[in-house]
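Visitor: I should like a close look at one strand of this structure and at the parts that surround it. Please state the cut-offs behind each term as it arises.

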Amino acid sequence: RQAVEAGAVEYLIKPFKAAELVKRVVKLIGYVKEEDHYPELKELLKKEINRAKRGNESLSLVLTQCNGKVKIEISKIADQLKNKLRDIDTVFEVDKNTLALILPVTGADGAAVVIKKLKDKLPGKWYFGIGTYPNNGKNEEELINFAKESLMKEISDSGQETAETKGI
């Protein structure tokens with residue numbers, strides 16, 4: 001009561017449960033939704049597709065997603081990947097466990113080589129989906145959707161293999 005009289009908006013009496021603390025914080029500041037950055041990715045891809053179109057070149061989008069929790073922040077992983085790629089390539093953080101690699105002047109085969117090179121360098125289990133302009137999409141929306149479907153297929157296939165390995 002003294003805390004409220006002193007101007008506090010909320011208080012907890014010890015001992016308290018973490019769930020109660022979260023409930024009070026949400027009540028005060030609202031629920032903070034984990035944000036994805038697909039709109040920014042679309043904008044970036046739009047520019048790269050225009051460049052590829054003008055130069056009559058290929059462009060690959062690789063979406064890579066981590067299975068489970070990674071002990072390192074995704075931004076640190078993104079930095080590690082940037083150091084292993086060409087200067088013209090872009091590594092973009094889509095959300096807390098998804099990265100997008102934009103690989104100009106790179107077809108599907110080149111993207112597969114990049115994935116092979118990076119796979120062992122990433123902590124934990126990662127899945128990859130590739131979309132290539134112009135073969136898999138004529139614009140950023142189609143390219144992202146194709147890469148997402150490719151990624152979901154790999155995740156799904158991996159789940160099937162695990163189930164078959166276990167004899168399920």
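Guide: The account below begins with the strand and then moves outward to loops, salt bridges and surface.

This is a predicted model, in which local features need pLDDT of at least 70, side-chain atom pairs count only at pLDDT 80 or more, and totals for chains, interfaces and linings use all residues. Residues are numbered from 1 along each chain as its sequence is written, and side-chain values use heavy atoms, with hydrogens and water left out.

The strand is β1, residues 59–67; helices (H or I, at least four residues) and strands (E, at least two) are DSSP runs numbered from the N terminus. Because 8 of its 9 residues are buried, β1 is largely enclosed by the rest of the structure. Here buried means under 20% relative accessible area, exposed over 50%, and partly exposed in between (1.4 Å probe, protein chains only). Strands count as paired if DSSP finds at least two bridges between them. With β3 (residues 98–104), β1 pairs in the antiparallel sense over 7 bridges, and L59 stands opposite P104 of β3. With β4 (residues 125–133), the pairing of β1 is again antiparallel, over 9 bridges; there V62 has I130 as its bridge partner. In a regular strand, side chains alternate between the two faces of the sheet.

The wider fold places β1 in context. The chain has 6 helices and 4 strands, in the order α-α-α-β-α-β-β-α-β-α along the sequence. Buried residues account for 30% of its 168 residues. A contact is a pair of heavy atoms within 4.5 Å; among contacts between residues at least 6 apart in sequence, 64% join residues at least 24 apart.

Two loops beside these strands deserve attention. N56 lies in the loop between α3 (38–55) and β1. Its phi is positive, about 55°, although N56 is not a glycine. N56 is exposed, with a relative accessible area of 71%. P134 occupies the loop between β4 and α6 (140–165), and the peptide bond joining Y133 and P134 is cis, with omega about 0°. Although N56 and P134 are 78 residues apart in sequence, their C-alpha atoms are 9.4 Å apart in space. Beyond β3, V105 sits in the loop leading to α5 (108–119) and has a positive phi near 50°, in a residue other than glycine. A further cis peptide bond runs from K14 to P15, with omega near -15°, and P15 belongs to the loop between α1 and α2. Most residues other than glycine have a negative phi, and most peptide bonds are trans.

The helix that precedes β1's loop takes part in salt bridges, each defined as a side-chain nitrogen of Lys or Arg within 4 Å of a carboxyl oxygen of Asp or Glu. The whole structure holds 5 of them. One of these joins K42 and E141, whose closest N and O atoms are 3.2 Å apart. K42 is in helix α3 and E141 in helix α6, so the pair ties together parts 99 residues apart in sequence. K42 is partly exposed at 29% relative accessibility, and E141 is partly exposed at 37%. Also in this set is the bridge between E48 and R51, with an N to O distance of 3.0 Å. These two residues of α3 are 3 apart and are therefore separated by about one helical turn. E48 is buried, with a relative accessible area of 11%, whereas R51 is partly exposed at 49%. Between D89 and R86 the salt bridge has an N to O distance of 2.7 Å; D89 is buried at 11% and R86 is partly exposed at 37%.

At the surface, the chain has an accessible area of about 11200 Å², of which 52% belongs to carbon and sulfur atoms. V4, Y11 and I13 form a nonpolar surface patch with about 300 Å² of accessible area together. I13 is in the loop between α1 (2–5) and α2 (18–29) and is exposed, at 63% relative accessible area. Areas follow the Shrake-Rupley method with a 1.4 Å probe, and for residues only the protein chains shown count as cover. Patch residues have over 30% relative accessible area and no salt bridge, with like charges joined within 9 Å and nonpolar side chains (Val, Leu, Ile, Met, Phe, Trp, Tyr) within 5 Å.

Finally, confidence varies along the chain. The mean pLDDT (the predictor's confidence in each residue, from 0 to 100) is 85, and 88% of the residues score at least 70. Among the elements, β3, a partner of β1, has the highest mean at 95, and α1 the lowest at 74. Over residues 162–168 the pLDDT stays under 50, and the model has 1 contact beyond four places in sequence for that stretch.
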